[in-house]
Amino acid sequence: MAFLFLHPPKQTYLCRMSKSTHIYGTRAIIEAINAGKEIGKIYLQKGLNNPLSKELEGLIREHGISVSYVPQEKLYKLSDQNHQGAIATISPIRFAEFEATAEAILAADKPALFLLLDQLTDVRNFGAIIRTAVCTGVDAIIVPKSGGAPVTDDTVKTSAGAIFNIPICKVDHIKDALFYLQGSGVQVVAATEKTESSVYDLDYTTPTALVMGSEGKGVTAGVLKLVDQKAKLPMVGTISSLNVSVACGAFLYEIVRQRS
C-alpha cells in the first residue's frame with residue numbers, strides 16, 4: 001500500500017516496504033497479479049507454449065509488467081525451486097499513482113521538479129539516482145511500466161533508504177507523463193549529448209521535468225523529439241561520457257544552484 005502524507009509547508013512522501021520475495025510457478029504468479037500484488041519483474045522460460053503460460057502473458061501485457069524471456073538455465077541460477085518455467089519478483093514498494101501525485105505537487109507553492117527515467121536498466125544506478133533525487137528536492141520520479149529497472153533489494157540498499165521518502169510513479173510510457181506535464185505548464189528538459197546547449201544555459205527556476213536516459217543509449221529518439229529543451233554536460237577530459245547516476249546528479253545540482 002502506498003502512503004501520501006502532506007505536511008505543510010513541506011511535502012513528504014513515504015512508501016511502505018513489503019517483504020521482498022519471489023513467486024514460483026505460472027499459476028502462482030497469475031494469482032498474485034490478480035490479487036493486486038506489486039510485481040517487479042517476471043522471468044519466463046523461452047519456448048513455453050501452453051494455455052497457462054498464454055494466460056500469464058496476457059496479464060503481463062494488460063498490466064504492463066516487465067518481463068524477460070530466458071533459457072531454463074537462467075531460471076535455475078535464480079532459484080533451485082520448482083519454478084515450472086516462471087519466476088516473479090515482488091517489488092519492495094508500492095508505486096504512487098501518477099496523475100494524483102503530479103496534481104498535489106503542482107498545487108504546492110514552489111516550482112515543481114520531476115525526474116523521468118527513460119529505460120534506465122541498472123538497479124544500482126536506479127538506487128543511486130533515487131538517493132540523489134531526494135537530496136536535491138525532486139518531488140517525484142516517473143518510470144515506465146516495462147523496459148526499465150525493477151525495484152529490488154539492491155535498489156533499496158543503494159538508495160540508502162531514500163526510496164521511502166519520494167513517490168515513484170509508473171506510467172505506460174514516458175511520453176504519457178511528458179504530455180501530461182507539458183499540458184500542466186512544466187518544461188521538459190532531456191539530458192543528452194545530441195545538442196549544443198549546455199546544462200548551464202537553461203533556466204530551471206520554473207516548474208521542470210528532467211529526463212535521463214538509459215546507460216547505453218541515452219534518452220530514446222521518440223522522447224527527444226517531444227521535449228522542450230535539451231542540454232548536455234561539458235566534457236573536458238579524455239572520457240566522452242559519465243555514468244548516468246553521476247550525470248543525473250550534475251544536472252540536479254545545477255537546478256538546486258539556480259533555485260537557491
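## Two domains

The protein splits into domain 1, residues 22–90, and domain 2, residues 98–259. Their centres, taken over C-alpha atoms, lie 30 Å apart. Seven residues of domain 1 and six residues of domain 2 make the contact. The model is a predicted one.

## Confidence

Mean pLDDT for the protein is 88. A value of 70 or more is reached by 92% of the residues.

The start of the chain needs care. Over residues 1–20, pLDDT stays under 50. The model still has 43 contacts beyond four places in sequence for this stretch. Where pLDDT is low, predicted coordinates should not be read in detail.

## The domain interface

The size of an interface is often given as the accessible area lost when the parts come together. Here, domain 1 and domain 2 bury about 430 Å² between them. Carbon and sulfur atoms account for 44% of that area. On the domain 1 side, Gly 40, Gly 64 and Ser 66 supply 58% of the area buried against domain 2. No other three residues of domain 1 supply more.

Which pairings cross the interface of domain 1 and domain 2? The rule finds zero salt bridges there. Residue pairs in polar contact also number zero, counting pairs with both residues at pLDDT 80 or more.

Strand β4, residues 39–45, gives the most to the side of domain 1 that touches domain 2. Its share is three residues. By type, the residues on this side of domain 1 are two nonpolar, four polar and one charged.

## Salt bridges

Side chains of opposite charge can pair when their charged atoms come close. How many salt bridges does the rule count? The count comes to six.

One salt bridge joins Glu 38 and Arg 94. Their closest N and O atoms are 3.6 Å apart, within the 4 Å cut-off. This pair links distant parts of the chain, with the two positions 56 residues apart in numbering. Glu 38 sits in the loop between α1 (26–34) and β4. Arg 94 sits in the loop between β6 (86–90) and α4 (98–106).

How values were computed. Residues are numbered from 1 along each chain as its sequence is written. Side-chain values use heavy atoms; hydrogens and water are left out. Domain bounds come from an automatic or database domain assignment. Contact means heavy atoms within 4.5 Å. Buried area is the accessible area (1.4 Å probe) that two parts lose on being put together, summed over both. A salt bridge is a side-chain nitrogen of Lys or Arg within 4 Å of a carboxyl oxygen of Asp or Glu. A polar contact is a pair of N or O atoms within 3.5 Å; within protein, one must be able to donate a hydrogen and the other to accept it, and residues adjacent in sequence count only if both atoms are side-chain atoms. Helices (H or I, at least four residues) and strands (E, at least two) are DSSP runs, numbered from the N terminus. Ala, Val, Leu, Ile, Met, Phe, Trp, Tyr, Cys and Pro count as nonpolar, Asp, Glu, Lys and Arg as charged, and the others, Gly among them, as polar. pLDDT is the predictor's confidence in each residue, from 0 to 100.
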